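The following paragraphs guide the reader through a structure, from its surface to its interior and then to the meeting of its chains.

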Amino acid sequence: MAQYTQLGLQDAASPLMEELLHFHDHALMIITLISAFVLYIILTMVTAKTTDKYILDSQEVEIIWTVLPAIILVLIALPSLRILYLLDEINDPHLTIKAMGHQWYWSYEYTDYEDLGFDSYMVPTQDLTPGQFRLLEADHRMVIPVESPIRVLVSAEDVLHSWAVPSLGVKMDAVPGRLNQVAFVASRPGVFFGQCSEICGANHSFMPIVVEAVPLEHFENWSSLMLEDA
Amino acid sequence: MSDAIGEKIKNYRTAPFDARFPNTNQTRNCFQNYLDFHRCNKALSAKDQDVAPCEWYQRVYKSLCPTSWVAKWDEQMENGNFPGKI
């Protein structure tokens, strides 16, 4: 989850998010260096005591400040396109889960074998136990097996919503009457939080998403228990 | 039922990648498998053959389609006003 006053991205929990995070760091480093360099040049030129300030031309520096930016752009574009194509790789999922957006909660359906479905409401602030996160916890989490390719089909039953989990690098609009596919792998066990990302009415900020990645045996036990409770 | 399709159904894990629907929008994938299940049932029953191979389409549409959509379509089929061509 995001910490208070956090500026950067959350720790990655999927391989794609790791790639995105590294690319973000790479691009941010480049633009920080460029900005620092430009600031230095500006300060130097403003504080210099030179009299000959009206330079008419210089072929050499013109070449440098054309070629160097072109090279920098290529160094940004190549990793960017690589990730763009990685996102479109064909997946072979082990499990399909449907995430349906409602006003104002999510419901999850696991129907590959049995018909398991349940609703996931935010835990109200007054019902939180110590250590739980305000506006992020849900009564039922979407449990998935760790290190398994998962396909999530996102849709909505009323208005537009959006299913997002930043640490997994996932965001997909929930459109009524449409089934949007997103795939990911949770590379490590853990609990990952997200929030509805499309304005959907009064309680848009109060319908969080909680994904819990556990080892496969734990997932099988959990799904058996959930089916019994249903 | 042929061995190949029987094996596929027995080892079913989840709906596999379908090259007819390679993109994000899987709405048609869900609907097409629902249609194909009912068409398969109708075609095989008409020829007095075993409808067991049709189970593949049922497993796929159950994996992909939201239960509310399936419930609505099943009700429409019962009432005779399902919009798809079976």
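In which helix of chain A is Tyr40(A) found? Tyr40(A) belongs to helix 1, residues 15-47 (helices being DSSP runs of H or I, at least four residues, numbered from the N terminus). The model is a predicted one, in which local features need pLDDT of at least 70 and side-chain atom pairs count only at pLDDT 80 or more, whereas totals for chains, interfaces and linings use all residues. Residues are numbered from 1 along each chain as its sequence is written, chains are lettered from A in the order in which they are written, and side-chain values use heavy atoms, without hydrogens and water.

Tyr40(A) counts as exposed because its relative accessibility is 53%, where exposed means over 50%, buried under 20% and partly exposed in between, with a 1.4 Å probe and protein chains only.

Turning to the interior, the largest nonpolar core (buried Ala, Val, Leu, Ile, Met, Phe, Trp, Tyr and Cys residues joined through side-chain atoms within 4.5 Å) has 37 residues. Those with the most contacts inside this core are Tyr108(A), Tyr110(A), Met142(A) and Trp163(A). Apart from it lies another core of 23 residues, including Leu44(B) and Trp73(B).

Between the chains, the contact (heavy atoms within 4.5 Å) takes 24 residues from chain A and 21 residues from chain B. Ser63(B), in helix 3 of chain B, counts as buried because its relative accessibility is 0%. Leaving aside neighbours within four places in sequence, Ser63(B) is in contact with residues including Thr96(A), Asp112(A) and Tyr12(B).

Technical notes:
Helices (H or I, at least four residues) and strands (E, at least two) are DSSP runs, numbered from the N terminus.
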